[in-house]
Amino acid sequence: MSAQPVDDDGKLFPDVGSNTQDTVEIRVRFVNRCPYPVDVFWLNRNKQPTKYGTLGQKQYLDIKTYRNHPWVARRTFDGCKVLVNKKFIFWPEPTAHKNIIVRTFCEITARVQSLREMASRSLLKQDPKHVDEQLSTLPRDVQFEVKDLLAEKREYNEFNCRDFPPPPQA
């Protein structure tokens, strides 16, 4: 059995949300260890993601949160799932030291991908016209995989545009 977390739900964001009345703050530092920018999201009680920021490589984000408040991260470019402390969902837990402020350190890292997935995802960086031309040269099952990844990328980009509009021009 693999130590790699399994996330085969096929959804952009997990179907979980915050469910606590806990008032003890938990301080967390998310650090991006990926070689690309990532977006950090908190999932609210309605299971809706709230974007807290975009982290470049080696950047960090300090937040205050609570027990049973789920956090996820996605690759900014296409919404690809990444790991937060080696899991797809990070659930903060208070420390044993109630009178000492301790920050939980969370590393955001790339997950292991198969060569096939890496190759399929590499097509997402190209102009969509060129992808359509190249799809016909690929095996049928890979064509379906690339089309699914393109749909996931579109969904993620539409989500970001819908929920986080750019600042007004001065």
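Here are four short exercises with worked solutions on a predicted model.

**Exercise 1: an aromatic cluster**

Task: Work out how the rings of phenylalanine 13 and phenylalanine 41 are arranged, and which parts of the chain they link.

Solution:
- Begin with the overall tally, which is seven aromatic pairs.
- Take the pair of phenylalanine 13 and phenylalanine 41: the ring centres are 4.9 Å apart and the planes meet at 75°, so this pair is edge-to-face. The angle can be judged against the cut-off, since planes over 60 degrees apart count as edge-to-face.
- Now place the two residues. Phenylalanine 13 belongs to the segment before strand E1 (26-32), while phenylalanine 41 is in strand E2 (residues 38-43), and 28 residues separate them.
- Check the burial: both phenylalanine 13 and phenylalanine 41 are buried.
- Move on to tyrosine 156. Its ring centre is 6.3 Å from that of phenylalanine 41 and the planes are at 80°, so this pair is edge-to-face as well.
- Because phenylalanine 41 is in strand E2 and tyrosine 156 in helix H3 (residues 140-163), the pair ties together parts 115 residues apart in sequence. Tyrosine 156 is buried, as is phenylalanine 41.
- Finally, put the pieces together: ring pairs join Phe13, Phe41, Tyr156 and Phe159 in a cluster.

**Exercise 2: charges over rings**

Task: Find which ring lies under the charged end of arginine 29, and which ring has arginine 75 over its face.

Solution:
- For arginine 29, the ring is that of tyrosine 60, with the charged end 3.9 Å from the ring centre.
- For arginine 75, the ring is that of tyrosine 36, and the distance to the ring centre is 5.0 Å.

**Exercise 3: the setting of arginine 121**

Task: Decide whether arginine 121 is buried or exposed, and find its polar partner.

Solution:
- Locate the residue: arginine 121 is in helix H1 (residues 115-122).
- Its relative accessibility is 6%, so arginine 121 counts as buried; the cut-off for this step is under 20%.
- Its side chain makes a polar contact of 3.1 Å with the side chain of aspartate 78.
- Setting aside neighbours within four places in sequence, the contacts of arginine 121 include Arg75, Cys80, Leu149 and Glu152.

**Exercise 4: reading a sheet**

Task: Give the strand order of the open sheet of four strands and say which strands stand at its edges.

Solution:
- The order is E4-E1-E7-E6, and the pairing is mixed.
- Strand E4 (60-65) and strand E6 (83-84) each have a single partner strand, so one side of each lacks a neighbour in the sheet; these are the edges.
- Within the sheet, E1 and strand E7 (residues 103-109) run parallel and are joined by six bridges.
- As a residue to look up, arginine 27 stands opposite arginine 103 in E7.

Definitions and conventions
Residues are numbered from 1 along each chain as its sequence is written. This is a predicted model: local features need pLDDT of at least 70, side-chain atom pairs count only at pLDDT 80 or more; totals for chains, interfaces and linings use all residues. Side-chain values use heavy atoms; hydrogens and water are left out. Rings of Phe, Tyr and Trp (its six-membered ring) pair if their centres lie within 6.5 Å; planes under 30 degrees apart count as stacked, over 60 as edge-to-face and the rest as tilted. Helices (H or I, at least four residues) and strands (E, at least two) are DSSP runs, numbered from the N terminus. Buried means under 20% relative accessible area, exposed over 50%, partly exposed in between (1.4 Å probe, protein chains only). A charge sits over a ring if NZ of Lys or CZ of Arg is within 6 Å of the ring centre and within 35 degrees of the ring normal. A polar contact is a pair of N or O atoms within 3.5 Å; within protein, one must be able to donate a hydrogen and the other to accept it, and residues adjacent in sequence count only if both atoms are side-chain atoms. Contact means heavy atoms within 4.5 Å. Two strands pair if DSSP finds at least two bridges between them.
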